[in-house]
Amino acid sequence: MAESVQAHGGRDPPLLVGRFLDRRPVTCLVAALLGLTAAQVGLWAFGTHTPLVVVCVALTGGCVGSLGATLMHRGLQVAPGNTDIAMAAVSTAFNVGIAGGAFLGGRVVATTGVQQVPLMAATLLATALLIVLAGRCSTSPTT
């Protein structure tokens with residue numbers, strides 16, 4: 001059931017985000033990171049309440065899809081003459097993130113239990129959000 005909820009939650013948000021990427025790419029990135037952080041905090045806080053877990057999983061699906069679209073868009077902006085290399089770099093970064101997340105999640109499960117995995121994920125996502133916001137403050141207000 002969780003796969004179905006995440007798939008349906010992840011189907012439409014990237015289409016919606018696509019409407020705003022050219023005009024507000026950083027805003028789209030911030031929104032995706034905020035949504036993912038909120039979903040992970042929700043899973044950590046309400047992990048035993050099935051209806052809230054379903055909402056958090058759907059939010060995760062939508063935000064992951066939006067995050068992927070946003071980062072691919074940014075890769076194409078940064079390297080317009082080398083789009084093949086840019087897409088390979090984005091794909092590699094995603095795969096490294098998946099592998100690193102699996103490794104860290106495994107370490108957390110082994111040492112503290114599965115209940116702490118969403119908290120660790122939320123902490124990493126909040127850190128990424130702070131980095132994006134710090135970079136936004138040092139660039140033009142239109143990004």
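Good morning. I shall begin at one residue on the surface of this protein, L119, which lies in helix 6, residues 117-137. Please bear in mind throughout that the model is a predicted one. L119 counts as partly exposed because its relative accessibility is 30%. Together with V41 and W44, L119 makes a nonpolar surface patch of about 240 Å².

Let me now step back to the overall fold. The protein has six helices and zero strands. Read from the N terminus, the order of its elements is therefore written α-α-α-α-α-α, each helix being a DSSP run numbered from that end. Of its 143 residues, 29% count as buried. The accessible surface comes to about 8700 Å², and carbon and sulfur atoms account for 72% of that area. As for contacts between residues at least 6 apart in sequence, 70% of them join residues at least 24 apart.

A word on confidence is in order. The average pLDDT of the protein is 86, and 87% of the residues score at least 70. Where is confidence lowest, and where is it highest? The lowest mean, 57, belongs to helix 1, residues 2-9, whereas helix 3, residues 25-46, has the highest, at 94.

I turn next to the interior. Which residues make up the largest nonpolar core? There are eleven in all: V26, L29, V30, A32, L33, L36, C63, L67, L125, L129 and V132. At least two residues of this core come from each of helix 3, helix 4 (50-78) and helix 6. Helix 3 gives the most, with six residues.

Two members of the core deserve a closer look, and A32 is one of them. Not counting residues up to four places away in sequence, A32 touches C63, S66 and L67.

The other is L36, which has its place in helix 3. Is L36 buried or exposed? It counts as buried, because its relative accessibility is 6% and the cut-off for burial is under 20%. With neighbours within four places in sequence left aside, L36 is in contact with T60, C63, V64, L67 and L125. C63, L67 and L125 in that list are themselves members of the core. L36 can also be placed relative to G61: the two residues are 25 apart along the chain, and their C-alpha atoms are separated by 8.8 Å.

Helix 3 also contains T27. This residue is partly exposed, because its relative accessible area is 31%, and that value falls between the limits of 20% for buried and 50% for exposed. T27 and T70 are 43 residues apart along the chain, with 9.7 Å between their C-alpha atoms.

Finally, I would draw your attention to L16, in helix 2, residues 13-18. Why does L16 count as exposed? The reason is its relative accessibility of 52%, since exposed residues are those over 50%. From C-alpha to C-alpha, L16 and S66 are 8.5 Å apart in space, although their positions lie 50 residues apart in sequence numbering. S66 has already appeared in this talk, as one of the residues that A32 touches.

To close, I would leave you with two places to find in the structure. One is the nonpolar core of eleven residues, to which helix 3 gives the most. The other is the nonpolar surface patch made by V41, W44 and L119. Thank you for your attention.

Note on methods:
Residues numbered from 1 in each chain as written. Predicted model: local features only at pLDDT ≥ 70, side-chain atom pairs only at ≥ 80, totals over all residues. Heavy atoms only, no water. pLDDT = per-residue confidence, 0-100. Helix = DSSP H or I, 4+ residues; strand = E, 2+ residues; numbered from the N terminus. Patch = residues over 30% accessible without salt bridge, like charges linked within 9 Å, V, L, I, M, F, W, Y side chains within 5 Å. Areas by Shrake-Rupley, 256 points an atom, 1.4 Å probe, with all protein chains shown as cover. Salt bridge = Lys/Arg side-chain N within 4 Å of Asp/Glu carboxyl O. Buried < 20%, exposed > 50% of the residue type's maximum accessible area, 1.4 Å probe, protein only. Contact = heavy atoms within 4.5 Å. Core = buried A, V, L, I, M, F, W, Y, C linked by side-chain atoms within 4.5 Å.
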